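Me: Here is a model I would like to go through by question and answer. Please keep the replies short.

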Amino acid sequence: MADVRTLLGFDFGEVRIGVAVGNTLTESAQALTVLASVPTRERFERIARLIAEWQPAALVVGRPVHPDGNPHDMTLRCERFARQLSGRFNLPVHLTDERYSSAIAQSEGAGAGQLDAQAAAIILRQYLSEAGALPAPIPSLPDPSAP
């Protein structure tokens with residue numbers, strides 16, 4: 001039987017962060033919620049609650065770039081957010097190209113209130129599809145009850 005893993009995906013923005021959940025078995029994802037980006041402490045408290053609820057094996061963050069693939073200012077902010085997630089939650093974090101995810105979400109009818117969460121679902125589905133349900137095994141976290 002396939003090793004099914006749950007993943008959380010993020011569409012990071014300076015004002016809002018879209019969040020989606022997906023899994024490696026179906027390579028599907030669904031929009032979960034939209035978080036306020038600031039204040040930072042509350043942002044990470046809400047993310048911690050989502051991680052506790054969904055118990056993801058890894059996190060995926062959309063990495064915006066120019067149409068030609070070159071990075072820009074927001075690229076660096078998303079990479080920083082990914083490093084913060086990794087450091088705070090001790091989970092593997094994967095970056096994936098998010099070009100046009102918001103435009104696609106909008107074309108699929110996502111309303112203003114759910115646009116970012118729907119974009120996160122698109123980012124996560126794209127990652128799962130391109131990664132073939134993950135490029136390499138995700139290391140397990142140590143069992144805290146193990147001797």
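**Salt bridges, sheet and cores**

Reply: Glu14 and Arg77 form a salt bridge, with the closest N and O atoms 3.0 Å apart. Glu14 lies in the loop between strand 1 and strand 2 and Arg77 lies in helix 2, so the pair ties together parts that are 63 residues apart in sequence. Note that this is a predicted model.

Me: Is Arg77 buried, exposed or partly exposed?
Reply: Its partner Glu14 has a relative accessible area of 48%, which is partly exposed. The relative accessible area of Arg77 is 36%. Buried needs under 20% and exposed needs over 50%. Arg77 is therefore partly exposed.

Me: How many salt bridges does a search of the whole structure find?
Reply: Side chains of opposite charge can pair when their charged atoms come close. Glu14 with Arg77 is a salt bridge, and Arg63 with Glu79 is another. The search of the whole structure gives a total of 5.

Me: Which parts does the salt bridge of Arg63 and Glu79 tie together?
Reply: The side chains of Arg63 and Glu79 meet at 2.7 Å, N to O. The two residues are 16 apart in sequence. Arg63 is in one element and Glu79 in another, so the pair ties together strand 4 and helix 2.

Me: Is Glu79 buried or exposed?
Reply: Arg63 is partly exposed, at 25%. Glu79 has a relative accessible area of 17%. The limit for buried is under 20%, so Glu79 is buried.

Me: What separates Glu45 and Arg41 along helix 1?
Reply: Their side chains meet in a salt bridge at 2.6 Å, N to O. Glu45 is partly exposed at 36%, and Arg41 is exposed at 54%. The two are 4 residues apart in helix 1, so the separation is about one helical turn.

Me: Which strands stand at the edges of the sheet?
Reply: The open sheet has 5 strands in the order 3-2-1-4-5, with mixed pairing. Each edge strand has a single partner strand, so one side of each is left without a neighbour in the sheet. Those at the edges are strand 3 and strand 5.

Me: By what angle are neighbouring strands of this sheet turned against each other on average?
Reply: The order of the strands is 3-2-1-4-5. Direction is ignored in this average. The angle is 25°.

Me: Which residue stands opposite Gly9 in strand 2?
Reply: Strand 1 and strand 2 pair in the antiparallel sense over 6 bridges. Gly9 has its opposite residue in strand 2. That residue is Ala20.

Me: Which residue takes a positive phi in the hairpin of strand 2 and strand 3?
Reply: Strand 2 (residues 16-23) and strand 3 (residues 28-36) pair in the antiparallel sense over 8 bridges. The hairpin has 4 residues between the strands. The phi value is near 55°, in a residue other than glycine. The residue is Glu27.

Me: Where is the cis peptide bond at Pro39?
Reply: Pro39 is found in the loop between strand 3 and helix 1. Omega of the bond is about 0°. The bond joins Val38 and Pro39.

Me: What angle does the direction of helix 1 make with that of strand 3?
Reply: Helix 1 packs on the sheet. The strands touched by helix 1 are strand 1, strand 2, strand 3 and strand 4. With strand 3 the angle is about 150°.

Me: Which element gives the most to the largest nonpolar core?
Reply: This core has 20 residues; Phe10, Ile47, Phe81 and Leu85 have the most contacts inside it. Strand 1, strand 2, helix 1, strand 4 and helix 2 each give two or more residues. With 6 residues, the element that gives the most is helix 2.

Me: How many residues has the second, separate core?
Reply: Its members include Ala29, Ala120, Leu124 and Tyr127. The second core has 12 residues.

Me: Over which residues does pLDDT stay under 50?
Reply: The mean pLDDT of the chain is 86, and 88% of its residues reach 70 or more. The stretch under 50 has 17 contacts beyond four places in sequence. The stretch is residues 133-147.

Key. Residues are numbered from 1 along each chain as its sequence is written. This is a predicted model: local features need pLDDT of at least 70, side-chain atom pairs count only at pLDDT 80 or more; totals for chains, interfaces and linings use all residues. Side-chain values use heavy atoms; hydrogens and water are left out. Two strands pair if DSSP finds at least two bridges between them. A nonpolar core is a set of buried Ala, Val, Leu, Ile, Met, Phe, Trp, Tyr and Cys residues joined through side-chain atoms within 4.5 Å. Buried means under 20% relative accessible area, exposed over 50%, partly exposed in between (1.4 Å probe, protein chains only). pLDDT is the predictor's confidence in each residue, from 0 to 100. Contact means heavy atoms within 4.5 Å. A salt bridge is a side-chain nitrogen of Lys or Arg within 4 Å of a carboxyl oxygen of Asp or Glu. Axes are lines fitted to C-alpha atoms, for helices over the stretch in contact, and angles run from 0 to 180 degrees between N-to-C directions.
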